[in-house]
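Visitor: I would like a close look at one part of this protein, the part around its salt bridges. Could you walk me through it slowly, and point out what sits around it?

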Amino acid sequence: GISRISNGSMGDIRQNGPFKLFGPQGMRIGSAARPAANVTVYLDHDDCEAAGAADGCLDDGRLVSYAGAVHVHGVAKTPWSVLTADCDACATLRVAECAGWAAGDRIAVAPTGHRAEHYAEAIASEDPQRNFLAAERVVRAVTDPRRVEGATAAGGDCVVELETPLDLLHRGAPLHGVPTHAEVLNLDRSVTITGPPIHWRDEARPILGGQGITTVQVGGGLMKMEHARVDNCGRVALGEYCVHLHLVGECEACVVRGIAVERALNKAITVHGTHGATVERNVVYDVRGAGIYIEDGNELRNTIAHNAILCPSLSHKSQIGRLTPAEPPTGRTATGHRCALKGVPSHSDSDYDEQSGIYLLSPTNDVIGNHVVGMENAFYVNHQGGRSYGIGAAYGRVCILSSPFGTVSGNVFHNNAGFGFY
């Protein structure tokens with residue numbers, strides 16, 4: 001069947017059971033030529049670990065396309081930008097780009113160490129956690145000199161006024177000659193796929209995960225998701241991710257572009273048994289576990305480009321200077337382990353032991369121009385722990401130690417706890 005929201009329209013879909021799509025039509029929300037605005041897809045689900053949960057409870061809250069087609073096209077906007085000038089507890093940001101940004105948008109500004117000018121200072125100050133804190137704010141007004149006749153700004157930059165000032169110094173000018181530009185993520189989109197707040201296993205310890213919504217393209221067909229927001233998503237179960245290309249095979253038409261994933265767990269975007277797909281210019285914020293995940297080891301020629309992945313505070317499981325992680329780990333802000341997840345045991349490397357912004361088994365993919373901030377590790381290509389011959393459906397069919405790397409260039413990793421490249 002088909003679920004369709006007309007191009008450029010307002011509307012919503014509320015689904016109280018599993019949302020299953022079959023056939024070539026599938027689901028269409030907007031189009032590239034006429035994107036949709038003010039659309040919400042709400043996938044309702046109860047807490048399936050609560051007493052009295054109904055049989056089949058875990059089928060609810062899932063959007064599944066079985067070899068069909070999912071087309072989601074929100075209104076295009078700059079997904080993320082960077083500061084072009086320092087902001088020292090200011091209420092006016094200068095950023096490189098801001099197409100489509102508007103009053104009321106929510107943003108997240110990456111940390112750059114506050115006043116620390118080198119690593120040793122950042123981890124040894126009186127309150128080192130604040131050196132690694134992102135800032136969330138609401139936009140009051142935007143001036144884009146490239147779109148407003150007669151408007152000017154230094155160097156042609158966008159001017160973004162905030163409802164409340166930042167608390168700390170976020171750098172946008174060179175530090176000791178090194179370009180230092182805090183990332184600014186725009187978290188709002190004109191199409192939202194969401195559900196109820198995550199049903200946490202233990203609200204005091206979100207590191208243990210919980211149950212949110214999931215979206216998946218399965219066994220062929222295609223998914224083209226552009227300029228949408230997916231939140232309250234992910235579950236502690238194998239394959240239950242926020243946005244998931246699952247055993248799609250060759251799919252150069254598969255595109256995940258310009259989306260925002262927030263308030264999530266167990267991966268933001270997963271490419272699994274899929275080849276030639278494009279994952280670009282997305283923002284991943286406040287996600288527990290790996291941000292972008294290439295799963296089995298046989299995935300080839302996918303492009304992971306110009307994504308921004310940001311943790312609200314530093315995710316680290318070991319003592320670093322005066323940064324002391326809480327024990328037992330909670331995963332709460334400024335306690336260490338912030339974006340770690342003690343979830344699926346077989347995914348402990350990507351989600352907990354070596355939690356990573358971008359995690360791959362197969363190196364034969366292009367990783368270009370991505371920014372990763374606040375993670376245990378930024379970029380991890382795992383050739384350890386018995387995975388040399390792949391896992392899952394790829395096991396015994398690949399030798400990832402002999403697989404060539406794709407193009408890896410132009411990536412920026414800062415304010416992470418462990419490795420940049422691992």
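Guide: Happy to; we will go through the salt bridges one pair at a time and then turn to their surroundings.

Please keep in mind that this is a predicted model. A search of the whole structure turns up 18 salt bridges. Side chains of opposite charge can pair when their charged atoms come close.

Let us begin with Glu226 and Arg257, which form a salt bridge whose closest N and O atoms are 2.3 Å apart. This pair links distant parts of the chain, with Glu226 in strand S20 (residues 222–226) and Arg257 in strand S23 (residues 255–257), 31 residues apart. The two partners can be described by their accessibility: Glu226 is buried, with a relative accessible area of 11%, while Arg257 counts as partly exposed at 24%.

The next pair is Lys267 with Asp351, a salt bridge in which the closest N and O atoms are 2.8 Å apart. Lys267 lies in the loop between strand S24 (260–265) and strand S25 (269–275), and Asp351 lies in helix H2 (residues 348–353), so this bridge ties together parts that are 84 residues apart in sequence. Both Lys267 and Asp351 are buried. Beyond single pairs, salt bridges that share partners join Arg106, Arg229, Asp231, Glu262 and Arg263 into one network.

Two members of that network bring us to Asn232, because Glu262 and Arg263 are among the residues that Asn232 touches, not counting those up to four places away in sequence. The other residues on that contact list are Thr194, Gly195, Pro196, Pro197, Ile198, Gly212 and Ile213. Asn232 belongs to strand S21 (residues 228–233), and at 8% relative accessibility it counts as buried.

Strand S21 runs up to residue 233, and Cys233 forms a disulfide with Cys242, their sulfur atoms 2.2 Å apart. The torsion about that S-S bond is about 90°, so the disulfide is right-handed. Cys233 counts as buried at 0% relative accessibility, and Cys242 is likewise buried, with a relative accessible area of 0%. In total the structure holds six disulfides. Another of them joins Cys48 to Cys57, with an S to S distance of 1.9 Å; its torsion is about -85°, so that disulfide is left-handed.

Now for the nonpolar side of the picture. In soluble globular proteins, nonpolar side chains tend to be buried together. The largest nonpolar core here has 52 residues, and those with the most contacts inside it are Met225 and Val243. Leaving aside neighbours within four places in sequence, Val243 is in contact with Thr215, Met223, Met225, Val230, Val256, Ile259, Ala268, Ile269 and Thr270. There is also a second, separate core of 17 residues, which includes Leu93, Val160, Leu166 and Val184.

One more salt bridge rounds off the tour. The side chains of Arg140 and Glu161 meet at 2.3 Å, N to O. Arg140 lies in strand S12 (residues 135–143) and Glu161 in strand S13 (residues 158–162), so the pair ties together parts that are 21 residues apart in sequence. Glu161 itself is partly exposed, with a relative accessible area of 22%.

Conventions: Residues are numbered from 1 along each chain as its sequence is written. This is a predicted model: local features need pLDDT of at least 70, side-chain atom pairs count only at pLDDT 80 or more; totals for chains, interfaces and linings use all residues. Side-chain values use heavy atoms; hydrogens and water are left out. A disulfide is a pair of cysteine sulfur atoms within 2.5 Å. Buried means under 20% relative accessible area, exposed over 50%, partly exposed in between (1.4 Å probe, protein chains only). Helices (H or I, at least four residues) and strands (E, at least two) are DSSP runs, numbered from the N terminus. Contact means heavy atoms within 4.5 Å. A nonpolar core is a set of buried Ala, Val, Leu, Ile, Met, Phe, Trp, Tyr and Cys residues joined through side-chain atoms within 4.5 Å. A salt bridge is a side-chain nitrogen of Lys or Arg within 4 Å of a carboxyl oxygen of Asp or Glu.
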